[in-house]
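Me: Please take a close look at one sheet in this model. Then work outward to whatever else is worth knowing about the fold.

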Amino acid sequence: PPSPLSPAAGAALVGVCGGAVEAAPAAPSSPATPASPMGARSAVVKVEGSGLMSSSRSQRVAGCAACNSPSAPPSLSSCRALSRNPSVTSQLSVSHLQRQPVLPQSHFYFWDISKMDWANAARGTEIVSPVFTCRGLDGLTVGFYPRGAPWAPPGYASVYLYGPSDAFVRAKITVDSVSRTLDEVTSLEGGIGWRDFIPEVDSYVGISLELHEVVYGAVVDLETLPYHLAKRGVGFVSMPLACRGIEDLTLKFYPQGNLESQPGFASLFLNAPSNVFVKAKVSIDNVPIGLDEAIGVGRGKREAVIANDSYSKAFVELVDLAHRFEWNVAELPLGSAQPGQCFYSPLFSCHGVSGLQARFYPRGTAKSWAGHAAIHLRGPEGVLVRARVVAGGVAKAFEEVVSLEGYQGWESFAPGAEKWETVVVEILEVVQGFQWDVQALCDGVQRGDPVTSPPISCGSVSNLVVKFYPGGIEGSRSDRSSLFFGGPQGLLAKVKVTVDGVTRSFSERTSLGGWRGWKNFGPAQPTYGNITFQLSEVSTGFVWDLAALGSSVEKAQRGAVLQSPAFACKDVQGLVVQFYPKGTTQAAEGQASLYLQASTSVFVRAVVTVDGTTRTLAAVIDNGGGRGWREFMPARSSYGAVTVEVVEVGRGFVWDVSKHRLEDLRKGPGVESPTFECMGVRGLKLKLYPQGASDSPSGRARVQLLGPGDVELVVRFTIDGQQQSFVPAEPVPLQQCYNDMVPARKTFEFVAVEVLKVVHLVSEGVSVRTPAGWTTGGAPPSVQVLGRGPKLRAQFQDLLDATFQLQPGTDFALRTTGKAPRRLALDSVHRVEHRGLWDAYAQRLQQLHSKHKGKCCPTLEDPVATSGVLPYAVEDLRTGLNVVYLFMGIAPTDAFRIPDLQAKSWLSQQGDLHLAECSSQADECSEEGHGKWRGCCAMLLCRVVLGTPEVVQPEEVIRSHGDSRVVGPVRTADSYRSIAVPGPASIYPEFIIVYRRVF
């Protein structure tokens with residue numbers, strides 16, 4: 001079973017049996033110990049109001065689904081490990097948590113079940129309460145088995161509490177007159193409760209919940225850390241933790257301390273996104289760490305705990321957080337400001353939204369009250385926000401989410417602005433969406449004629465189009481309007497649309513590809529105002545409509561398979577769903593089967609839903625092989641849709657070791673997998689030492705990755721579902737890629753390795769490594785779309801904003817359209833993986849290293865504008881050869897052809913390549929694309945080696961005698977510098993940035 005502390009925790013259990021990933025049977029719990037039916041809710045019966053919708057729930061099979069061999073139920077310790085129940089979390093130090101003995105009414109919940117009919121309720125049938133909120137904790141439900149869960153002892157009813165996976169609670173649950181209490185703060189991940197809560201009776205009155213305490217946090221497993229790499233100064237980074245809406249919290253842990261700590265102490269740091277204010281409490285193996293505040297990245301303790309050879313768990317509690325930006329206005333001339341005079345804050349990012357800006361009128365505007373200051377906010381298109389501003393001891397907030405495309409704010413915020421020191425902007429809520437004014441567009445439009453929006457970017461989703469039919473379409477009611485929307489393939493989202501107070505929504509995530517909408521949206525009106533379009537829970541995925549297959553599903557026989565069209569998610573091509581409506585020939589009778597396939601070897605974490613039944617897959621899908629469930633759900637005569645949400649992808653390999661005879665092996669010998677290729681590295685293979693290698697700790701099995709010696713890697717191992725939760729912060733030599741992460745035993749099912757980062761070492765003089773994050777070996781060349789997450793978009797948008805410096809009269813857009821852009825808005829980012837160009841660049845680095853005999857080159861007096869604002873996924877550039885990032889303007893269609901940089905159009909008369917340090921400077925050389933790139937421009941973000949640059953004056957037109965040439969010693973507010981390098985080998989075009997001009 002998987003580790004409860006891995007990202008897969010709380011989902012359906014995954015194992016390998018007969019070459020396919022199966023849903024593992026759940027472990028029973030001790031009658032006296034609360035436990036969770038982890039991953040067991042395959043056929044949940046929903047209750048609406050007081051009526052019971054009964055549905056038989058499939059029994060779990062304790063044994064191997066492939067060979068039908070019975071086995072004893074899993075042990076109690078196994079159940080505790082899977083469910084993360086109180087017996088596990090009670091080992092954590094929670095003494096520092098504040099108790100609140102007095103419970104207001106909002107901390108209670110009562111569910112009336114007295115009128116329900118239990119006549120048809122069979123053993124294993126679960127009814128689920130309506131979703132409710134208690135003590136401010138949303139998304140809670142109670143699951144009740146009136147005849148007992150399948151794993152309950154006969155004659156007992158079972159009760160479980162479900163909620164957000166990042167919530168830990170202390171609670172009391174009462175059924176009629178019987179109460180049970182969770183005395184320790186316990187995780188809700190996977191559900192918590194009792195299989196033998198109360199003896200069965202023919203009728204029940206109600207179930208009540210008293211929520212005594214709520215804590216938000218995460219438990220991080222430290223046992224699977226590769227301790228053989230641990231030494232002073234070596235750190236390990238956890239996989240991202242999701243807590244209270246922040247999805248990219250990470251821990252960086254130095255088991256033997258970092259270089260700045262005192263000897264004998266371990267160091268720990270909490271990393272949070274920029275402009276996130278976090279108060280946290282952290283403990284390691286019951287030892288609290290005094291981490292009071294962490295703002296942004298890298299706050300922690302150099303001397304956290306006494307260093308040990310191994311650790312068990314870390315617990316991170318988020319006490320408070322806020323997404324905020326502080327603007328220091330004390331340095332502004334507030335006392336001498338005139339009425340109507342305003343000051344602009346720097347552009348900033350907050351809560352995943354980039355391009356935000358505050359406007360401040362210390363003496364107010366013409367609309368302000370006397371003596372009052374005015375404050376306005378502006379933001380990018382595609383997002384709606386709810387914000388609060390605090391200044392001068394006064395706080396004001398937007399009551400609803402609003403668009404910030406035009407300035408929104410308060411004309412009379414507060415008096416006394418001349419004494420203010422800061423203006424604090426807190427982003428309370430962010431919704432991907434936009435507002436479209438259709439008032440002037442609907443006049444005179446006939447029935448059947450649409451009003452079509454231009455392509456709109458909505459947060460991380462681009463090219464959304466809305467078609468609104470004011471008079472309806474053919475087939476709609478004559479007095480109704482119609483509305484449809486369409487967007488890019490491969491994305492899922494919940495959608496809510498409001499037209500003049502009438503709201504329609506998709507409560508479940510739907511595909512944005514194709515056209516979705518409502519034929520009868522709302523009453524037809526003579527005039528309309530605004531259309532508000534909102535997206536939430538955007539994810540990468542695919543929806544396959546099984547209902548459209550008609551009789552193919554109904555007539556399917558046992559063993560017959562239906563295959564979805566191939567789809568792409570998160571840069572992975574050739575994904576296919578295989579669905580067996582009546583099950584495979586190896587499946588249990590009456591069960592449907594489902595598998596996910598890929599055309600290449602890829603690690604996939606996906607959530608699969610069929611008509612309300614949800615399972616989670618976390619496995620490496622090897623080339624052409626499928627992973628899934630033989631017993632996905634009870635078979636039916638008809639189905640609705642299959643939804644596949646791809647949460648995470650990587651590159652790796654899975655090895656079925658169940659066919660190897662391991663019983664006779666002693667400590668030292670091992671078995672090897674076939675060789676495989678991953679991320680451009682050939683000749684890799686796995687080796688498993690069931691009883692440990694000769695130098696392994698006693699009683700520990702080892703898994704090791706073998707292969708060529710010219711690479712360094714960051715890898716993550718999984719053994720029979722138990723996943724490594726921490727990985728090295730930096731790549732390590734291949735010979736060090738092993739882990740003694742599980743106890744030694746005589747049988748194993750599968751071993752998987754996920755390759756997170758590859759570094760190719762191509763020289764001895766200077767380390768020239770392929771860029772981090774390459775998903776291929778760069779041969780053949782490819783262009784990969786980077787993720788659309790808010791963190792990545794914010795960092796690249798910050799790069800465009802920080803280097804934007806418009807020069808009036810020179811911009812290409814100004815010359816062609818008569819107006820100059822005020823900003824460049826990011827559309828998408830793509831990474832170029834081209835081994836030929838990289839090798840040429842690496843050879844240039846070697847030449848300069850030899851030329852300067854290993855000595856560092858002198859740096860520029862005024863660093864390039866991109867220094868200090870480099871985006872996510874760009875590693876350290878300190879080579880001593882002045883490696884920097886610069887822009888090059890280009891047409892979108894040319895950028896995606898991986899251009900020939902030796903073409904004459906790229907070179908000056910001296911044969912040099914000219915690059916820009918400002919995004920606005922590169923924009924002068926770009927132009928809008930056509931077709932799918934209509935309205936978009938592009939620029940390359942290139943890795944450039946300057947070596948020893950020669951600084952010349954603009955009037956000097958000479959051939960450079962240095963390794964590069966910089967025209968102008970410094971960059972000023974009204975002039976750019978020109979940076980030239982001798983030929984294409986001095987640069988590597990690493991990123992393609994697609995953007996839109998904002999006027």
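Reply: Start with what counts as pairing: two strands pair if DSSP finds at least two bridges between them. Strands (E, at least two residues) and helices (H or I, at least four) are DSSP runs, numbered from the N terminus. The model is predicted, so local features need pLDDT of at least 70 and side-chain atom pairs count only at pLDDT 80 or more, while totals for chains, interfaces and linings use all residues. Residues are numbered from 1 along each chain as its sequence is written, and side-chain values use heavy atoms, without hydrogens or water.

Now the sheet. Five strands make it up, and it is open. The order is E59-E60-E67-E63-E61, with antiparallel pairing. The edges are strand E59 (782-785) and strand E61 (883-890). Each has a single partner strand, so one side of each is left without a neighbour in the sheet. From one strand to the next, the twist averages 35°. Angles here run from 0 to 180 degrees between N-to-C directions, and axes are lines fitted to C-alpha atoms, for helices over the stretch in contact.

Look at one pairing inside it. Strand E63 (residues 937-945) and strand E67 (residues 987-998) run antiparallel and are joined by eight bridges. One of the bridge pairs is Cys937 with Tyr995 in E67. In general, strands of a sheet pair through backbone hydrogen bonds, either parallel or antiparallel.

A helix covers part of this sheet's strands. Helix H6 (residues 835-851) packs on the sheet and touches strand E60 (823-833), E61, E63 and E67. Its direction makes about 35° with that of E63. Contact means heavy atoms within 4.5 Å.

Compare another open sheet. Four strands form it in the order E62-E66-E65-E64, and the pairing is mixed. Strand E62 (913-915) and strand E64 (949-952) are the edge strands, pairing on one side only. Neighbouring strands are turned by 25° against each other on average, with direction ignored. E62 runs antiparallel to strand E66 (residues 978-981), with three bridges between them. Leu913 has Val981 in E66 as its bridge partner.

Next, strand E32 (residues 422-437). Strand E23 (residues 313-328) joins it through five bridges, antiparallel. There, Phe325 is bridged to Val425 of E32. Strand E28 (residues 383-391) also pairs with E32, antiparallel over nine bridges. Val383 has Gln432 as its partner in E32. E32 pairs with strand E40 (residues 530-545) as well, over six antiparallel bridges. Trp436 meets Ile531 of E40 in one of the bridge pairs.

Turn to the packing. A nonpolar core is a set of buried Ala, Val, Leu, Ile, Met, Phe, Trp, Tyr and Cys residues joined through side-chain atoms within 4.5 Å. Buried means under 20% relative accessible area, exposed over 50% and partly exposed in between, with a 1.4 Å probe and protein chains only. The largest core has 97 residues, and Phe144, Leu686 and Leu705 touch the most other members. Strand E14 (residues 206-221) contributes the most to this core, giving seven residues. A second, separate core has 33 residues, including Val864, Val884, Met888 and Leu915.

Phe144 deserves its own paragraph. Leaving aside neighbours within four places in sequence, its contacts include Trp111, Trp118, Glu126, Val159, Tyr204 and Ile207. Phe144 is buried because its relative accessibility is 0%. Tyr204 is buried too, at 2%.

The rings come next. The structure holds 32 aromatic pairs. Rings of Phe, Tyr and Trp (its six-membered ring) pair if their centres lie within 6.5 Å; planes under 30 degrees apart count as stacked, over 60 as edge-to-face and the rest as tilted. Phe144 and Tyr204 have ring centres 5.0 Å apart and planes at 90°, so the pair is edge-to-face. Phe144 sits in strand E8 (residues 137-145), while Tyr204 is in the loop between strand E13 (192-199) and E14. The two are 60 residues apart, so this pair links distant parts of the chain.

Phe413 and Trp420 are another edge-to-face pair, 6.1 Å centre to centre with 75° between the planes. Both are buried. They belong to one aromatic cluster with Trp327, Phe360, Phe398 and Trp410.

Last, the cysteines. A disulfide is a pair of cysteine sulfur atoms within 2.5 Å. The count by this rule is zero. Cys134 is buried, at 0% relative accessible area. Cys942 is buried at 0% too.
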